[in-house]
Amino acid sequence: MSSVHLLVLIHGMWGNPGHLAELYRIAQDTHSLPSEDGTKLEILLAETNREEGTYDGIDWGGERVAKEVLAKVKELESSGEQVTKLSVTGYSLGGLVARYLVGILHQRGFFDKVKPINFNTIATPHIGLLRYPSFFSSLTHTLGPRLLSRTGEQFYGVDKWSPNGRPLLLVMADPDRIFYQALTKFQHIRIYANAINDVTVPYVTSAIEFEDPFAEYETNGVEIDEHKHLIQQYAISDEPPPPPVKVRTLSKAWFKKVQSRPPIFPPPLQFRFPLNLVMYGLLPILIPTFLSLVIVNFTLASHSSRARIKDLEADSSNANRLAHILAELEREVEGAVVDLIDRDDPEPTQPSKMPVIKEKEHPILTPNQKKIVTWLNTLPELKKELAFFPNVRNAHAMIVSRDVKRFEVHKLGEPIIRHWASSLII
């Protein structure tokens, strides 16, 4: 039997395999030849947890992808090939699904025969979605768990996943639980985060940090050395810079500043003068209409998801899923788990020096989120890579070149993908 290194790619929320087409293409090009020991790369683009299925929770997504992985292994074996190595890369929500997936595989003894090599996440909300001191952020934290079904509850940490009421993201970060232990099996762990301009998954949660040194990076004194949209190093100035000079409204400098800002509308809706004025004039109508349609769509999708989850949990064939196995484990050692939850964890090590930024730019981390940051940063050999995309509204899709056919600007993410592909050990 010839040896195969299976690379699993997992897309994000509302996503489909096409969103990771550039990762697939570049990984194939980079590793088109077998490795020195004759192992060839085989890529699996996870398909079963897609679009509205992503509402069903990190756990159900992980269970679905686990079935795909095991089916792919059997398919390769039937054609005379043996999977000897495994790597996993998850984008956005897919990174959390990937962490759940490796817990399932570890629990089933998969790594007794298959060697775990590379584990990567790209723009993944490892500590959940963040809350900032603003009305809009408070609103999303109120509506998110309701509109995004089980996944929303897990994103915002309001789920009670374990029998003791702990949220899933906390359980997945716990060094005494199988998810964390599965990660330690991998030889290389590397996470990619957008340092700036990721409105969807900001730096603090994707890079697993307490603070954001890149908030207001243009004026806070942080010195950034970047090459091809990847930060090589950064330093925080010993002395805070002077406050920026205020520009007089309607002055020449003011118009220049306004013109340098990224467009409000996506490329298909960016028109030249005078049609652009018409679009701006319609904003008071377009924004409420758009938000209403989004809320209705989310509500319907969430309702369908909850009905789907109810059917899944009633299906007896799902009785041996990992959630049930861990539930039994926690019931057996309930007292020990309570002691674990109540123990005095070591104080998290926070950066000794941070640039001065406005209070509204500081995320409000919960005690659970701080614990997750502390735990995950103890992962051995954890490496962090920071992407840098200035002058864009939202770099979340750009970091994986999610849709280069419709959005030319997404091609800017290719150097990050090539760095990821070349860093894979085959």
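In this predicted model, the side chains of D198 and H396 are joined by a polar contact of 3.1 Å. D198 also reaches the side chain of N194, with a polar contact of 2.9 Å. As for its setting, D198 sits in the loop between β5 (188–194) and α8 (203–206). Despite being buried, D198 has no salt bridge, and the nearest side chain of opposite charge, R402, is 8.6 Å off.

D56 is another story. Its side chain forms a salt bridge with R64, where the closest N and O atoms are 2.5 Å apart, and one with R308 at 2.8 Å, N to O. D56 belongs to the loop between β2 (40–45) and α2 (58–78), while R308 belongs to helix α11 (residues 283–314), so this pair ties together parts that are 252 residues apart in sequence. On the burial side, D56 comes out at 0% relative accessibility, so it counts as buried. R64 is buried too, with a relative accessible area of 17%, whereas R308, at 26%, is partly exposed.

Across the whole structure, the search turns up 20 salt bridges. Some of them hook up into a network linking E22, R25, D29, E414 and R418. Within that network, R25 pairs with D29, with closest N and O atoms 3.7 Å apart. These two are four residues apart in helix α1 (residues 21–30), so about one helical turn separates them. Both R25, at 31% relative accessible area, and D29, at 47%, are partly exposed.

Turning to the nonpolar side, the largest core has 78 residues, and the members touching the most others are V8, I10, V69, L86, V88, Y100 and F214. Helix α3 (residues 93–107) supplies the largest share of this core, nine residues. A second core, separate from that one, holds 28 residues, F389, V392, A395 and M398 among them. Helix α14 (residues 367–376) is largely enclosed by the rest of the structure, because seven of its 10 residues are buried. Those buried residues are Q369, K371, I372, V373, T374, W375 and L376.

Not every nonpolar side chain is tucked away, though: F135, F136, L139 and L143 make up a surface patch with about 440 Å² of accessible area together. F135 is in helix α4 (residues 135–147) and is exposed, at 68% relative accessible area. H141 is found in helix α4 as well, but H141 is buried, with a relative accessible area of 18%. From H141 to F155 the C-alpha separation is 9.6 Å, over 14 residues in sequence.

Key: Residues numbered from 1 in each chain as written. Predicted model: local features only at pLDDT ≥ 70, side-chain atom pairs only at ≥ 80, totals over all residues. Heavy atoms only, no water. Patch = residues over 30% accessible without salt bridge, like charges linked within 9 Å, V, L, I, M, F, W, Y side chains within 5 Å. Areas by Shrake-Rupley, 256 points an atom, 1.4 Å probe, with all protein chains shown as cover. Salt bridge = Lys/Arg side-chain N within 4 Å of Asp/Glu carboxyl O. Buried < 20%, exposed > 50% of the residue type's maximum accessible area, 1.4 Å probe, protein only. Core = buried A, V, L, I, M, F, W, Y, C linked by side-chain atoms within 4.5 Å. Lys, Arg positive; Asp, Glu negative; His and termini not counted. Polar contact = N/O pair within 3.5 Å; in protein donor to acceptor, adjacent residues only side chain to side chain.
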